[in-house]
Amino acid sequence: MSTDRKDSLVEAVLEVLRLNPRFSKIEERNVKRILKKLNESDLTYLANTFDVFREFLEKKCSELFATFRESIQDESGE
C-alpha cells in the first residue's frame, strides 16, 4: 500500500474522531500510530465504517437543527 493511500485512510478515521471535543492531540497521535499498523483491507474497512458514521451524524445533526429552527419559528409566530 502506498504511503499516500494509507495516510488518506488514517485521516478519514481521524476526521470523525475529531468531532469529539475531548479527542486530544495525544490521543490522536496514539490512534494514528495504531491505525498505521493495520493492513490495507482492515484500514479501508475501518475508514469506510467511520465515513458512514460521519454521514449518519451529519444527517441527524441537520435534522435536529431543522426541528429546532422550526420550533423557534413556531414560538415567535404565536
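Tutor: Two residues are in contact when heavy atoms lie within 4.5 Å. Keep that in mind; the model here is predicted.

Student: What share of the contacts with a separation of 6 or more comes from residues 24 or more positions apart?

Tutor: Count by separation along the sequence. In this protein, that share is 61%.

Student: Which elements make up the fold, and in what pattern?

Tutor: List the helices and strands, then read along the sequence. This protein has three helices and zero strands. The pattern is α-α-α.

Student: How does the radius of gyration sit against that of a compact globule?

Tutor: Set the value beside the one for a globule of 78 residues. That globule would come near 12 Å, but this protein has 18 Å. Then take the spans along the principal axes. The C-alpha trace covers about 60 × 25 × 15 Å.

Student: How much of the protein is buried?

Tutor: Buried means under 20% relative accessible area. By that cut-off, 14% of the 78 residues are buried. The exposed area is about 6200 Å², with 56% of it supplied by carbon and sulfur atoms.

Student: Is Thr-44 buried or exposed?

Tutor: Compare its relative accessibility with the cut-off. Thr-44 counts as buried because its value is 18%, and buried means under 20%. Thr-44 sits in helix H3, residues 40-77.

Student: Which residues does Thr-44 contact, leaving aside neighbours within four places in sequence?

Tutor: Arg-5 and Leu-9.

Student: How far is Thr-44 from Glu-70?

Tutor: Use the C-alpha atoms. They are separated by 39 Å, with the two residues 26 apart along the chain.

Student: How many charged side chains are there, and how far apart are the centres of the two sets?

Tutor: Count each sign, then compare the centres. The protein has 14 positive and 16 negative side chains. The centres of the two sets lie 10 Å apart.

Student: Where is confidence lowest, and where is it highest?

Tutor: Where pLDDT is low, predicted coordinates should not be read in detail. Here the mean pLDDT is 90, and 96% of residues reach 70 or more. Confidence is lowest in H3, at a mean of 88. Confidence is highest in helix H2, residues 25-36, at 96.

Methods
Residues are numbered from 1 along each chain as its sequence is written. This is a predicted model: local features need pLDDT of at least 70, side-chain atom pairs count only at pLDDT 80 or more; totals for chains, interfaces and linings use all residues. Side-chain values use heavy atoms; hydrogens and water are left out. Helices (H or I, at least four residues) and strands (E, at least two) are DSSP runs, numbered from the N terminus. The radius of gyration is taken over C-alpha atoms; the globule rule is 2.2 Å times the number of residues to the power 0.38. Buried means under 20% relative accessible area, exposed over 50%, partly exposed in between (1.4 Å probe, protein chains only). Accessible areas come from the Shrake-Rupley method with a 1.4 Å probe; for residues, only the protein chains shown count as cover. Lys and Arg count as positive and Asp and Glu as negative; His and the chain ends are not counted. The place of a charge is taken as NZ of Lys, CZ of Arg, CG of Asp or CD of Glu. pLDDT is the predictor's confidence in each residue, from 0 to 100.
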